[in-house]
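Visitor: I would like to understand how the labels given to a model of this kind are earned. Could you take me through them one at a time, setting the value beside the rule?

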Amino acid sequence: MNKGVYLALFSIGLAQGLKIPIHYYKKQEWRPELFFQTGGMPSSHSAGVSTLTTFIALQRGLPTFDFALSLVYGLIVMYDAQGIRRQTGELTLRVNSMHDLMEKVDREESVEFEQEAPKKLKEMLGHQPEEVIGGALLGALVGVVGHICSKKSRKLSKFRLRSESSWF
């Protein structure tokens with residue numbers, strides 16, 4: 001695998017990990033399970049595609065096909081993360097609140113019936129625009145740092161090759 005893929009995966013993991021302390025800061029509630037859930041700040045989708053796009057831009061240049069492909073793919077992912085997935089999450093919130101309302105109505109009835117309680121739908125699916133922007137900024141930062149580290153490691157490799165060849 002190449003460095004761009006490693007950096008993008010690292011960025012996704014970093015974004016997922018940051019969700020826990022950010023949530024704690026906002027809500028004073030420790031929830032480590034957020035690492036494995038979608039939604040929340042920052043968007044790991046945005047972080048991953050932004051890291052890859054930034055790394056490609058810095059390594060290969062802006063006028064390349066690689067960059068164009070990564071940029072368009074990244075914009076689609078970020079739009080989907082805050083658009084369609086967010087709308088699905090809002091619809092889920094309404095369905096869950098209707099379920100709660102129906103339970104209240106059922107409790108007031110004198111007729112007993114047994115119904116298996118449906119599982120609550122997951123409400124945190126998509127992202128608010130600021131969560132997408134936060135993920136994109138985190139991803140760009142990881143892409144820049146990855147590029148800088150990649151350049152330094154290449155220079156160090158060239159230096160080692162030159163110094164080793166001078167021994168012979």
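Guide: We should begin with what is meant by an element: helices are DSSP runs of H or I with at least four residues, strands are runs of E with at least two, and they are numbered from the N terminus. By that rule this predicted model has five helices and zero strands, and the order of its elements from the N terminus on is α-α-α-α-α.

Visitor: How much of the protein counts as buried?

Guide: The label is given to residues under 20% relative accessible area, and 32% of the 168 residues of the protein receive it. Among contacts with a separation of 6 or more, 74% join residues that are 24 or more positions apart.

Visitor: What makes H1 and H2 roughly antiparallel to each other?

Guide: The axes of H1 and H2 cross at roughly 150° and come within 8 Å. Angles over 145 degrees count as roughly antiparallel, and H1 and H2 are therefore described in that way. The crossing in which H1 passes H2 is right-handed.

Visitor: Which residues in H1 meet which in H2?

Guide: On the H1 side, Lys3, Gly4, Val5, Leu7, Ala8, Ser11, Ile12, Ala15, Gln16 and Lys19 take part, and they meet Ser44, Ala47, Gly48, Thr51, Leu52 and Phe55 in H2. Sorted by class, the residues of this contact of H1 with H2 are eight nonpolar, six polar and two charged.

Visitor: Where is Ile12 placed, and why does Ile12 count as partly exposed?

Guide: Ile12 belongs to helix H1. Its relative accessibility is 34%, and the label partly exposed covers values between 20% and 50%, so Ile12 falls in that class. Leaving aside residues up to four places away in sequence, Ile12 touches Ser44 and Gly48. Ile12 and Val49 are 37 residues apart in sequence, while their C-alpha atoms are 8.9 Å apart in space.

Visitor: How do you know that H2 and H3 are roughly antiparallel to each other?

Guide: The same reasoning is applied to another angle: the axes of H2 and helix H3, residues 65-82, cross at roughly 165° and come within 9 Å. Since the cut-off is over 145 degrees, H2 and H3 are therefore roughly antiparallel to each other. Here H2 passes H3 in a left-handed crossing. Residues of H2 in this contact include His45, Val49, Thr53, Ile56 and Arg60, and those of H3 include Asp66, Phe67, Ser70, Leu71 and Val77. By class, the contact of H2 with H3 has ten nonpolar, six polar and two charged residues.

Visitor: What makes Thr53 count as buried?

Guide: Thr53 lies in helix H2 and has a relative accessibility of 9%. Buried means under 20%, so Thr53 is given that label. Beyond residues up to four places away in sequence, Thr53 touches Phe67, Ser70 and Leu71. With Phe67 the sequence separation is 14 residues, and the C-alpha atoms of Thr53 and Phe67 are 6.3 Å apart.

Visitor: Why is the meeting of the side chains of Arg60 and Asp66 called a salt bridge?

Guide: The rule asks for a side-chain nitrogen of Lys or Arg within 4 Å of a carboxyl oxygen of Asp or Glu. For Arg60 and Asp66 the N to O distance is 3.1 Å, so the pair qualifies. Arg60 is exposed at 55% relative accessible area, whereas Asp66, at 28%, counts as partly exposed.

Visitor: How many salt bridges does a search of the whole structure find?

Guide: Such a search finds two. Besides the pair just described, the side chains of Glu33 and Arg31 meet in a salt bridge at 2.8 Å, N to O. Glu33 is partly exposed at 35% relative accessibility, and Arg31 is also partly exposed, at 22%.

Visitor: Where is Gln28 found, and what makes Gln28 count as exposed?

Guide: Gln28 sits in the loop between helix H1 (3-27) and helix H2 (44-60). Its relative accessibility is 55% and the cut-off for exposed is over 50%, so Gln28 meets it. The phi of Gln28 is near 55°, a positive value in a residue other than glycine.

Methods:
Residues are numbered from 1 along each chain as its sequence is written. This is a predicted model: local features need pLDDT of at least 70, side-chain atom pairs count only at pLDDT 80 or more; totals for chains, interfaces and linings use all residues. Side-chain values use heavy atoms; hydrogens and water are left out. Buried means under 20% relative accessible area, exposed over 50%, partly exposed in between (1.4 Å probe, protein chains only). Axes are lines fitted to C-alpha atoms, for helices over the stretch in contact, and angles run from 0 to 180 degrees between N-to-C directions. Angles under 35 degrees count as roughly parallel, over 145 as roughly antiparallel, 65 to 115 as roughly perpendicular and the rest as oblique. A crossing is left-handed if the near helix is turned anticlockwise from the far one by less than a right angle, and right-handed if clockwise. Contact means heavy atoms within 4.5 Å. Ala, Val, Leu, Ile, Met, Phe, Trp, Tyr, Cys and Pro count as nonpolar, Asp, Glu, Lys and Arg as charged, and the others, Gly among them, as polar.
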